[in-house]
Amino acid sequence: MKTRHLSVFELEEAALLLRAGEVVAFPTETVYGLGANALSTSAVEKIFQAKGRPTDNPLIVHLSATRQLSSLCREIPMEARHLIDRLWPGPLTIVLPKRDEVPDIVTAGLDSVAVRFPNHPLALELIERAGLPLAAPSANLSGRPSATTWQAVAEDLDGRISAIICGEPTLFGLESTVVDATCNPFRVLRPGGVSLEQLHAICPNIQPYSGTNQEGETTDVKSPGLKHKHYQPKAKVCVVRSAADFAQVAGVATLPSAAIVHYIGLNRPIDPQQFAVIRVCTNVHEFAAHLFDFFRQADSNNADFVCCEEVQETGIGVALMDRLRRASQ
Ligand code: TXA
Ligand code: MG
């Protein structure tokens with residue numbers, strides 16, 4: 001299959017492909033998504049094929065208006081309405097009781113559906129023009145870092161999907177926060193672009209994300225996606241308190257002297273000569289926005305290690321540390 005690279009002025013072409021049951025990658029404010037008609041089993045099957053994604057991992061359905069919710073969900077609890085009123089459009093996904101019209105392949109047979117109203121003009125215009133809710137996981141091969149640029153989408157999926165909308169790099173660079181609104185109290189299933197502090201300001205009872213065990217498997221059976229391998233570059237990822245700890249964390253004895261090491265963090269290493277590439281970010285938002293692209297850059301340079309400096313676990317720092325831990329497992 002030849003993948004078309006569409007400009008941001010060719011959204012009608014993309015919408016036609018989606019209406020014809022094809023798969024199209026598009027930018028959102030978090031990461032690029034790989035979209036297909038959420039109401040068509042055969043269209044959604046193509047997403048799983050293109051990504052090589054296990055079919056027990058459900059997808060998020062993307063909307064361009066809250067009124068579309070009633071065709072996908074049986075009920076919306078009052079507290080979920082509050083989250084929707086205050087945080088949509090934005091990087092928040094809400095899991096709600098699903099209607100029978102949503103195909104089982106989208107939800108991996110669960111009785112709930114994850115929905116999101118992205119805050120990105122191209123994503124919204126695409127959904128509007130297609131006139132369809134779009135099921136869309138991140139637009140990367142399963143197990144690879146999420147794509148935050150159209151070039152990263154092309155690297156993974158050229159030849160496997162119908163088209164890519166070639167927009168700008170994404171703003172957040174990490175995926176949306178997923179909140180389960182089918183339980184009481186609600187729970188965070190995946191930390192992301194919306195922080196726990198923002199959620200608590202609206203719903204003080206929401207349970208924080210509970211994390212994963214040593215094998216990177218979720219201890220939380222309600223979040224099927226988290227048990228799969230995620231966010232891994234080919235290079236080994238080491239999370240360090242400071243760049244000076246790298247050799248110790250990587251295991252000096254086994255470290256070849258010619259090892260290619262890339263560093264990313266908020267502080268400049270005191271001992272820079274051990275790093276082939278150094279990326280110092282001015283704040284945690286910039287760190288989050290560049291992380292996945294930095295992983296891909298490390299792979300294209302055949303780096304052996306990516307050394308990542310820890311950040312404080314508040315705000316977006318919770319999601320960033322979650323991705324760093326997963327990548328290092
Ligand atoms: O920012 C994002 O959320 C991006 C953009 C494209 O919108 N999408 C994304 O999709 O990250 P994906 O497929 O990579 O991650 C979806 C997550 C998975 O962890 C999945 O298990 C969870 O959402 N999920 C989906 N439906 C669910 C459901 N019904 N119950 C519990 N978790 C669900
Ligand atoms: Mg993903």
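In these exercises a residue is called buried under 20% relative accessible area, exposed over 50%, and partly exposed in between, with a 1.4 Å probe and protein chains only. The model is predicted, so that local features need pLDDT of at least 70 and side-chain atom pairs count only at pLDDT 80 or more, whereas totals for chains, interfaces and linings use all residues. Residues are numbered from 1 along each chain as its sequence is written, chains are lettered from A and ligands numbered from 1 in the order in which they are written, and side-chain values use heavy atoms, with hydrogens and water left out.

**Exercise 1. Confidence**

Determine what average pLDDT the chain has, and which stretch falls below 50.

Solution. Begin with the score itself, pLDDT, which is the predictor's confidence in each residue on a scale from 0 to 100. The chain averages 93, and 93% of the residues score at least 70. Residues 213-219 have a pLDDT below 50, and this stretch makes 16 contacts in the model beyond near neighbours in sequence, a contact being heavy atoms within 4.5 Å. Where pLDDT is low, the predicted coordinates should not be read in detail.

**Exercise 2. Aromatic pairs**

Describe the geometry of the pair Tyr 263 and Phe 275 and of the pair Phe 292 and Phe 295, and place each residue.

Solution. Rings of Phe, Tyr and Trp (its six-membered ring) pair if their centres lie within 6.5 Å, and planes under 30 degrees apart count as stacked, over 60 as edge-to-face and the rest as tilted. The structure holds five such aromatic pairs. For Tyr 263 and Phe 275, the distance is 5.3 Å centre to centre and the angle between the planes is 40°, a tilted pair. Tyr 263 belongs to strand β12 (residues 261-265) and Phe 275 to the loop between β12 and β13 (277-280), so the pair ties together parts that are 12 residues apart in sequence; helices (H or I, at least four residues) and strands (E, at least two) are DSSP runs, numbered from the N terminus. Tyr 263 and Phe 275 are both buried.

For Phe 292 and Phe 295, the ring centres are 6.4 Å apart and the planes stand at 45°, so this pair is tilted. Both residues sit in helix α9 (residues 284-300), three residues apart, and are therefore separated by about one helical turn. Phe 292 and Phe 295 are both buried. As a last step, ring pairs link Phe 246, Tyr 263, Phe 275 and Phe 305 into a cluster.

**Exercise 3. Cysteines**

Find how many disulfides the whole structure has, and explain why Cys 183 is not bonded to Cys 203.

Solution. The criterion is a pair of cysteine sulfur atoms within 2.5 Å, and a search of the whole structure finds zero disulfides. The closest cysteine sulfur to that of Cys 183 is in Cys 203, and because the distance is 12 Å, it is too far for a bond. Cys 308 is likewise in no disulfide, its nearest cysteine sulfur being that of Cys 307, 6.8 Å away. Cys 308 counts as buried, because its relative accessibility is 0%.

**Exercise 4. The buried side of α1**

Identify which residues of helix α1 are buried, and what covers them.

Solution. In α1 (residues 11-19) the buried residues are Leu 11, Ala 14, Ala 15, Leu 17 and Leu 18. They lie on the same side of α1, because they cover an arc of only 160° around the axis, the arc being that of the directions from the helix axis to the C-beta atoms. Among the elements that cover them are β1 (4-6), β2 (24-26), β3 (33-37) and α5. Just after α1, Gly 21 takes a positive phi of about 85°.

**Exercise 5. Two residues and their surroundings**

State where His 120 and Val 306 lie, and which residues they contact.

Solution. His 120 is in the loop between β6 and α5 (121-130) and is buried, because its relative accessible area is 15%. Not counting residues up to four places away in sequence, His 120 touches Pro 27, Thr 28 and Glu 29. Val 306 is in strand β14 (residues 305-309) and is buried, with a relative accessible area of 0%. Leaving aside neighbours within four places in sequence, the contacts of Val 306 include Ala 235, Val 237, His 262, Phe 294 and Phe 295.
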